[in-house]
Amino acid sequence: MACNVAEEVLVVGSVALDTVHTPYGECTDGLGGSATFFAAAASFFAPVRVVGVVGEDFPMDQLRFLRARSVDLTGLQIARGRTFRWIGHYGTDPNARRTLDTQLNVFADFRPVLPEAYRDTAYVFLANIDPALQLEVLHQMRSPNVVACDTMNFWIEGAPGVVMDVLRSVQIVILNDAEVRQLADDPHLIRAARKVLDMGPEVVVVKKGEHGAFMVSSDRFFTVPAFPTESVVDPTGAGDTFAGGFMGYLARTGSLEEGMLRRAMVYGSAVASFAVEQFSVERLKTLTYSEIVERCRMFRKMTAFEEEEG
Ligand code: AMP
């Protein structure tokens, strides 16, 4: 794993206990949260720092695999009360998820405080939290090279002005298709992504679940399919895992050149395709770097074709 030359990546987001029902079974209080999936994925490429909060009931030993991969958890606060819990249900369509319950618990009073050593981090991912808190994080940073963010329908509806402030402060936005349509108020996805681009960021990455992801910037377009895995057990966290692979790869290369961004899209998609093979972070625990590289090769083979001669 070539992470000794990589820049560090900071993620601010949820660390959760997820209860998930899918047609293939159930998982109760499994390790989840946007920061968790992101860190697990990014740690294959770069050193990762986590800012988040858990309650006193949180089983800290579940994070041992992240520590073993040099994920710095100094910024993970332990607050009095219960850990954030999310309960979700999937039918046969993995893109159609129903949230059955969200218990914010200690997440409701979360104020991100960056340890001094984190403030110089070069790559920052503001996962889906209150956009006012995303801005608070940025105010604590000295001068990050690259900032990317996510958000969700709740904030787009509830705090559109603050979401706009965040979009003006980041280079990269990573959203799912429904969020892009909602943000741009346009059902046409490509047009909507271009409208989001006009809101401030240089690059907009649109995740489409089992239909892959695409990226737009002022003069470029790149698309990658989802890996055609036949064993989707739990789609939870695929989006955050994609973001972790994407940002981790960029931090490793230290560049936002077109070629690097394209490869980051493929690496993100490759890691995400493993995450869905088991519940919670189980598959990310056993995943190896060479498996990721092999899957990227398969992406290349799967999408290559030759032009007709003449
Ligand atoms: P993804 O499937 O990548 O969109 O992310 C799923 C993860 O997001 C789950 O592990 C949840 O714990 C977490 N999550 C769900 N709702 C929220 C929320 N309102 N705020 C922060 N994290 C959330």
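This talk goes through one predicted model, starting at the ligand and then moving to a few residues and ring pairs elsewhere in the fold.

I'll begin with the ligand. The shell around the ligand holds 17 residues, and the closest are Asp 18, Gly 33, Arg 97, Gly 237 and Asp 240. Three of these have short polar distances to ligand oxygen atoms that I want to go through. For Gly 33, a backbone N or O atom sits 2.7 Å from an oxygen atom of the ligand. For Gly 237, a polar backbone atom is 2.7 Å from a ligand oxygen. Arg 97 uses its side chain, where an N or O atom lies 2.8 Å from an oxygen atom of the ligand. The protein buries 85% of the 510 Å² that the ligand exposes when taken alone. Which elements give two or more residues to the shell? They are strand E2, residues 16–22, and helix H8. H8 gives the most, with 3 residues.

Next, helix H1. This helix covers residues 34–42, and 9 of its 9 residues are buried. The buried residues in H1 are Ser 34, Ala 35, Thr 36, Phe 37, Phe 38, Ala 39, Ala 40, Ala 41 and Ala 42.

Back to H8, this time for its aromatic side. The model has 11 aromatic pairs. One of them is Tyr 249 with Tyr 267, which is stacked, at 4.5 Å centre to centre with 10 degrees between the planes. Tyr 249 lies in H8, residues 238–253, and Tyr 267 in H9, residues 258–275, so this pair ties together parts that are 18 residues apart in sequence. Are these two tyrosines buried or exposed? Tyr 249 has 3% relative accessibility and Tyr 267 has 11%; the cut-off for buried is under 20%, so both count as buried. The two also belong to a cluster, in which ring pairs link Phe 45, Tyr 249, Tyr 267 and Tyr 289.

There is also a charge over a ring. Arg 295 lies over the face of Phe 274, at 3.8 Å from the ring centre.

Now to another arginine, Arg 85, which is found in strand E6, residues 85–90. What is its relative accessibility? The value is 10%, and since buried means under 20%, Arg 85 counts as buried. Its side chain makes a polar contact with the side chain of Asp 57, at 2.9 Å. Leaving out residues up to four places away in sequence, Arg 85 touches Leu 17, Asp 29, Asp 57, Asp 101, Thr 102, Gln 103 and Asn 105.

One residue on that list, Asp 29, has a backbone worth pointing out. Its phi is near 50 degrees, a positive value in a residue other than glycine. Asp 29 is found in strand E3, residues 25–32. With a relative accessible area of 31%, Asp 29 is partly exposed.

Where else does a residue that is not a glycine have a positive phi of about 50 degrees? Ser 280 does. Ser 280 sits in the loop between H9 and helix H10, the latter being residues 282–286. Here the relative accessible area is 8%, so Ser 280 is buried.

Two more buried positions to finish. Val 224 lies in strand E13, residues 221–224. Its relative accessibility is 4%, and Val 224 counts as buried. Beyond residues up to four places away in sequence, Val 224 touches His 211, Gly 212, Ala 213, Met 265, Val 266, Ser 269 and Phe 299. As for distance, Val 224 and Arg 98 are 126 residues apart in sequence, and their C-alpha atoms are 26 Å apart in space.

The last residue is Gln 134, in helix H3, residues 131–140. Gln 134 has a relative accessible area of 1%, so this polar-named stop on the list is buried. Which residues does Gln 134 touch, not counting those up to four places away in sequence? They are Leu 126, Ala 127, Ile 129, Cys 149, Asp 150 and Val 166.

To recap the ligand part: the closest residues include Asp 18 and Asp 240, and the protein buries 85% of the area the ligand exposes when taken alone.

Methods. Residues are numbered from 1 along each chain as its sequence is written. This is a predicted model: local features need pLDDT of at least 70, side-chain atom pairs count only at pLDDT 80 or more; totals for chains, interfaces and linings use all residues. Side-chain values use heavy atoms; hydrogens and water are left out. Rings of Phe, Tyr and Trp (its six-membered ring) pair if their centres lie within 6.5 Å; planes under 30 degrees apart count as stacked, over 60 as edge-to-face and the rest as tilted. Helices (H or I, at least four residues) and strands (E, at least two) are DSSP runs, numbered from the N terminus. Buried means under 20% relative accessible area, exposed over 50%, partly exposed in between (1.4 Å probe, protein chains only). A charge sits over a ring if NZ of Lys or CZ of Arg is within 6 Å of the ring centre and within 35 degrees of the ring normal. A polar contact is a pair of N or O atoms within 3.5 Å; within protein, one must be able to donate a hydrogen and the other to accept it, and residues adjacent in sequence count only if both atoms are side-chain atoms. Contact means heavy atoms within 4.5 Å. A residue is near a molecule or strand if one of its heavy atoms lies within 4 Å of it. Accessible areas come from the Shrake-Rupley method with a 1.4 Å probe; for residues, only the protein chains shown count as cover.
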